[in-house]
Amino acid sequence: KDINKNIYEQRYILTNSENGSEKVKAIHISVQKTAIEQRKNQFGEYKINNILPISITIPNLIKIDKKGVDLFVNIEKKTTITKVNNGVVSDISVLNIGSNDILDKINKKENSYSKAYEICKSATIYTESDRDLQYEENEYLEDIMPTLFQIVSQIRNIVDNSLEKIDNIYITGTGAIINNIDIYFQDYLKNIH
């Protein structure tokens, strides 16, 4: 409504609905054409053959078991959670929180995004039993942990409301550089690899 559809590049995929075998779910993805041009211009003289939304392409980048349900959690500016059911994308959720929230908080203290990135890269999250040690050893975890908690809480909500058992969760994107993020997720999402 009140949006010029000609300024958007649009794609959709059709997938079987989880709510019934006779139903089909349409996942619609759109992005402004100017954003695509800006991204293409970053590559300079090189030619771009194809640009696809990361939430659709991530499952194609790694070999996954065609049987079962997997979640791909891409922690970037926004966090995209892609649900893949039997090798087919069945749902995409976007959270308005992500690695930029963490980097912005650290940048306010350090006045450098590259330093904020390095701090995230060297940050280590401890297990439940060692949680008291983590804030003593890394002062920046107070900037990292609230965002990660929000993300893992949303994922837990998706897992709890899923009709199928989630077998695996893959963590990708800038947020995946934080050491032991997989263990942190495992603490909150028991019985999921």
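I will start near the end of the chain, with Asn191, which counts as exposed at 70% relative accessibility. This asparagine sits in the segment after α7. Its phi is near 65°, a positive value in a residue other than glycine. Before I go on, please keep in mind that this is a predicted model.

A second asparagine, Asn180, also has a positive phi, near 70°, and is not a glycine either. Asn180 is in the loop between β6, residues 166–172, and α7. Its relative accessible area is 26%, so Asn180 is partly exposed.

Now the overall layout. The protein chain has seven helices and six strands. Reading from the N terminus, the order of elements is β-β-α-α-β-β-β-α-α-α-α-β-α. The chain has 193 residues, and 35% of them are buried. If we take contacts between residues at least 6 apart in sequence, 55% of them join residues at least 24 apart.

One place to look at such contacts is Glu76. Where is Glu76 in the chain? It is in the loop between β3, residues 69–75, and β4, residues 79–85. Glu76 is partly exposed, with a relative accessible area of 29%. Setting aside neighbours within four places in sequence, Glu76 is in contact with Gly98, Ser99, Asn100, Gly173 and Thr174. As for Thr172, it is 96 residues from Glu76 along the chain, yet the two C-alpha atoms are separated by 8.4 Å.

Next, a pair of helices. Helix α6 covers residues 141–161 and helix α7 covers residues 181–188; their axes come within 10 Å and cross at roughly 50°. That angle is why α6 is called oblique to α7. The crossing of α6 past α7 is right-handed.

Which residues make the contact? On the α6 side they are Met145, Leu148, Phe149, Ile151, Val152, Ile155 and Arg156. On the α7 side they are Ile181, Tyr184, Phe185 and Tyr188. Sorted by type, the residues of this contact are ten nonpolar, no polar and one charged.

Some of the residues in that contact also appear in the aromatic pairs. The count of aromatic pairs comes to four. Take Phe149 and Tyr188: their ring centres are 5.8 Å apart and their planes stand at 70°, and because planes over 60 degrees apart count as edge-to-face, this pair is edge-to-face. Phe149 lies in helix α6 and Tyr188 in helix α7, so the pair ties together parts that are 39 residues apart in sequence. How accessible are these two? Phe149 is partly exposed, with a relative accessible area of 41%. Tyr188 counts as partly exposed too, at 22% relative accessibility.

Another pair is Tyr184 with Phe185. Their ring centres are 6.5 Å apart and their planes are at 65°, so this pair is edge-to-face as well. Are these two residues buried or exposed? Tyr184 is buried, and Phe185 is buried too.

Put together, Phe149, Tyr184, Phe185 and Tyr188 form one aromatic cluster. To go back over the main points: α6 and α7 cross at roughly 50°, and the contact between them includes Phe149 from α6 and Tyr188 from α7. Those two rings also form an edge-to-face pair. That is what I have for today.

How values were computed:
Residues numbered from 1 in each chain as written. Predicted model: local features only at pLDDT ≥ 70, side-chain atom pairs only at ≥ 80, totals over all residues. Heavy atoms only, no water. Axes fitted to C-alpha atoms, helices over the stretch in contact; angles between N-to-C directions. Helix = DSSP H or I, 4+ residues; strand = E, 2+ residues; numbered from the N terminus. Parallel < 35°, antiparallel > 145°, perpendicular 65-115°, else oblique. Left-handed = near helix turned anticlockwise from the far one by under 90°. Contact = heavy atoms within 4.5 Å. Nonpolar A, V, L, I, M, F, W, Y, C, P; charged D, E, K, R; others polar. Buried < 20%, exposed > 50% of the residue type's maximum accessible area, 1.4 Å probe, protein only. Phe/Tyr/Trp six-rings, centres within 6.5 Å; stacked < 30°, edge-to-face > 60°.
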